[in-house]
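Work through the exercises below with the sequence and the model in view. Each task is followed by a solution in steps.

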Amino acid sequence: MSQYILRRLMIAIPSLLGISVVLFVVLALAPGDPFSELATNPNVPPEVQAALRAKFGLDDPIYLRYLHWITAMAHGDWGFSFVSRVDVDTLILQRLPTTLYVVGSSQLLALLIAIPVGVYAATRPYSLFDQLANTFAFIGFSLPTFFTGILFILVFSVKLDWLPFVYTSVPGSGIPWLLEMIRQAIMPVMVLGLFQAASMTRFVRSAMLDVIRLDYVTTARAKGLGQAKVIVKHVMRNAMIPVVTLIALQMPAVFGGAIVTEQIFRIPGIGSLLISSILANDTPVVMAVTFVFACLVVLFNLIADVLYGWLDPRISFR
Amino acid sequence: MFDNNLRGMIDDVKDGRMDRRAFVKRMIAVGLTAPMANQILAIGGVAMAQSPNPYKPTKRGGGGPLKLLWWQGPTLLNPHFATGTKDQDGSRIFYEPLASWDVDGHLNPILAAEIPSIQNGGLSADAKTVTWKLKPGVKWHDGKPVTADDLVFNWEYASDPATAAVSIETYSGLTVEKIDDLTVRINFKKPTPFWANAFVGAYGCIIPKHLFADYKGGKSREAPNNLKPVGTGPYKFVEFKPGDLIRGEINPDYHMANRPFFDTIEMKGGGDAVSAARAVIQTGEYDFAWNIQVEDEVLLRLEKGGKGKALFAVGGDIEFIAINFTDPNTEVDGERSSIKTKHPILSDPRVRQALALLVDRDSVKKAIYGRAGRTTANYLNGPEEFVSKNTKWEFSVEKASALLEQAGWKPGSDGIREKDGKKLKLLYQTSINGPRQKTQAIVKQACQKAGIDVELKSVVASVFFSSDVANPDTYAHFYADIEMFQIPMTQPDPALHMRRYHSRNIATKENKWQGPNFPRWANKEFDAAIDAADTETDPIKRADLYIKGNDLMWQDNVMIPVMHRLAVEASSNTLRPALSGWANQTDNLQDWYRES
């Protein structure tokens, strides 16, 4: 087992290096520079813009810039943002808690909806409940988050005036602070959570249906076990294996944030950091965020594989 | 004639026979009123009026929170690194200049005891020195006094190329010397009629020497106070998250009486302009939103029964179509649009004139800019005394067609005009931006009617405005026949605005396309006028020179002005922000208050 993990980690190194090369080259080839805002400002002559480019090494050849970046990264120096001149790790750590809170809660919400609804729908396939659940699931994942987000804002903020649609870090502490934090997170968490729940419900339902027809379930029922026990102990346990993999592979997204939703609700998370950095051509930040994201994907893939073996001892590691 | 009248009036004001207000009114009557009116008086030897913004509160604080929404959040808080206006706005909450531009474009003393003038000895007659006196007793947020050493340090800091300051140009070409603890003198290398640049406005904000002295030059990025500003402003620093949030609290020792009004300030970033307008005008979640580049139609709809309104500030920002005088399709020594070539179609003045006749500015205003735009024939639209009265514009497909006919362009079988077997086809580029694409469509339609085939191209803004030498799609490379964008006027003086088009500034491969004269227009008369204006100390002659420059650009149709754009802001109905089209939005933040 430990040998297997070690081998997988060793394989991860060249693939991460490969990912970093691809990312860096794509970003370096992408046109534009972080100082374009200076271009039309008559107070700043173009030489200043050019001097800044030279100072930040933007005029060096690509391979040199990559070598600089990779050696610095190996030393734990993530570089600094060209736009805010702040260290990249500081920027990311500042944004991480918000993303974990909002995207994490939405994943939790999705699970809390998807598992009960999916399981119940699978026990009564083609019943009225199943039909309704299916319909809502289809609607849910057909509507993009930018649409539902704006719809929620129009209904709950503009028309009803119940919830704020600008997410901001509230100063203070105690119960009122906590309530405010929850209040402003309701809309984004709902938008993301319902979207996730929709596809996950479909997934849980089909995983359950695959198992529920198997002979051992019939045997369990023949033994005289109650419906609840059969479903929870015998069916769910086995049906959850693919679901666990799916959730494990979703985890990097929890750290990566939700670009569109964060933009709509002005949530200061990793997603909005990434998009504003991309728009500003702030290469070090984009590099760091995407690279961390790549590491997380590799890591959680490994975790998913290990979990598989634990859930189903028939799968062996070789 | 007019010249003599004005001189007489300045003398009247000087001798007290006419009061300043009457003078300004008279200037309005003759179309001369302006932000620079006071500078005219200052150089004419009359002391600047201290004209603060209207301010009603009678005590400091008690105004609760002030919530600002900047849809592009400030990313840094050192005014000398401020790349965009968003960063300048954020820094300005904590840092202050010696003087700012007020609503009418007058200088408003902030850290200065008074505005320099010839009368108070602050200005020299040869326009080569300016003496600034600091207000006594001003303290940094950490309690240390503000002295002349801080001013000298700011000049040293910004003018050092190793610091990589964006404000370097503001502080080069001059030296700053300390006279006493509260007085500095700026010595210009050349006579500088527009002296209110260093220590004034956005790049004039002053950072404390005692916290930044160790971080001058190459180590500038490492200064811990880049993220934790200690300034003199009305609000003290509490929290900063780049691109997201700035939070400040009232400065109880602020150096202006009864100011500031608000107890805390929050500047939230992110999102987009439409939803920012919505959060202020419709739901009232925020008090003020910056730079609402939203179609007027949308704003009018939001304003119906809303909690806020749109505000418009008049400055000199101009949206224009520039004409390429060189050939973008012929390569000379590895460079297209080389000055060694001539544009095969547009070098004919009749074709340029026809194009100018085909830009339907009224339709563009009606369909796109609404209250946020004014139609104009001029490239230079302010301050008033620099605005030419000699120009005019019209929209006429018939006249344009006649001109093209005259120039030898005859309609072909497909309706597109041709000459010597060549089609009249133009490539029209701009940055990706809703209003710009709509304007492109309006212009293209009119051109089609006149038999010109226009191909539209739009480039992502971060590319279009980049200084990337290798990228052919930047506005400076200008590998197209015509292009459209906006040049903002960041101070109430046309010097920088007009100097761009001096023929020595033509963008070429040799200067890595850094020359700001992107139309590659060369006109000896224009060069001479601009050179003369640069050192002309007589304000009236100087204004005439810039008007002449503008008129030459108009005659030659170098630029076809599309719209004189106003700054658009969204404000809650109760907030009384002090805004100026000549300054950044937060430049007079100390004067903001709320009407109950």
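Domain bounds here come from an automatic or database domain assignment. This is a predicted model, in which local features need pLDDT of at least 70, side-chain atom pairs count only at pLDDT 80 or more, and totals for chains, interfaces and linings use all residues. Residues are numbered from 1 along each chain as its sequence is written, while chains are lettered from A and ligands numbered from 1 in the order in which they are written.

**Exercise 1. Describe the domains of chain A and where they touch.**

Solution.
- Step 1: The assignment divides chain A into domain 1 (23-77) and domain 2 (95-311).
- Step 2: Taken over C-alpha atoms, the centres of domain 1 and domain 2 of chain A are 37 Å apart.
- Step 3: Two residues are in contact if their C-beta atoms, placed from the backbone, lie within 7 Å. By this rule, seven residues of domain 1 of chain A meet eight residues of domain 2 of chain A.
- Step 4: Helix α1 (residues 2-29) of chain A gives three residues to the domain 1 side, the largest share. Helices (H or I, at least four residues) and strands (E, at least two) are DSSP runs, numbered from the N terminus.
- Step 5: By class, the domain 1 side has five nonpolar, one polar and one charged residues. Ala, Val, Leu, Ile, Met, Phe, Trp, Tyr, Cys and Pro count as nonpolar, Asp, Glu, Lys and Arg as charged, and the others, Gly among them, as polar.

**Exercise 2. State the secondary structure and the extent of chain A.**

Solution.
- Step 1: Chain A has 12 helices and zero strands.
- Step 2: Along its principal axes, the C-alpha trace of chain A spans about 85 × 60 × 40 Å.
- Step 3: Among contacts in chain A with a separation of 6 or more, 71% join residues 24 or more positions apart.
- Step 4: Of the 318 residues of chain A, 36% are buried. A residue is buried if 20 or more other C-beta atoms lie within 10 Å of its own, exposed if 12 or fewer, and partly exposed in between; C-beta atoms are placed from the backbone.

**Exercise 3. Check the length of helix α6 of chain A and find its buried residues.**

Solution.
- Step 1: The expected span of a helix is 1.5 Å times one less than its number of residues.
- Step 2: Helix α6 (residues 145-159) of chain A has 15 residues, so it should span 21 Å; its end C-alpha atoms are 20 Å apart, which agrees.
- Step 3: The buried residues in α6(A) are A:Thr148, A:Gly149, A:Phe152, A:Ile153 and A:Ser157.
- Step 4: An α-helix has 3.6 residues a turn, so residues three or four places apart point the same way.
- Step 5: The cover over the buried residues of α6(A) includes α7 (174-212) and α10 (259-265) of chain A.
- Step 6: Just after α6(A), A:Asp161 takes a positive phi of about 60°.

**Exercise 4. Lay out the sheet formed by β13, β14 and β15 of chain B.**

Solution.
- Step 1: Two strands pair if DSSP finds at least two bridges between them.
- Step 2: The three strands form an open antiparallel sheet in the order β13-β14-β15 (chain B).
- Step 3: β13 (410-411) and β15 (422-423) of chain B are the edge strands, each pairing on one side only.
- Step 4: Strand β14 (residues 417-419) of chain B pairs with β15(B) over two bridges. B:Glu418 has B:Lys423 in β15(B) as its bridge partner.

**Exercise 5. Describe the contact between the chains.**

Solution.
- Step 1: Chain B gives 51 residues to the contact and chain A gives 48 residues.
- Step 2: On the side of chain B that touches chain A, there are 22 nonpolar, 18 polar and 11 charged residues.
- Step 3: The model scores ipTM 0.81 and pTM 0.82.
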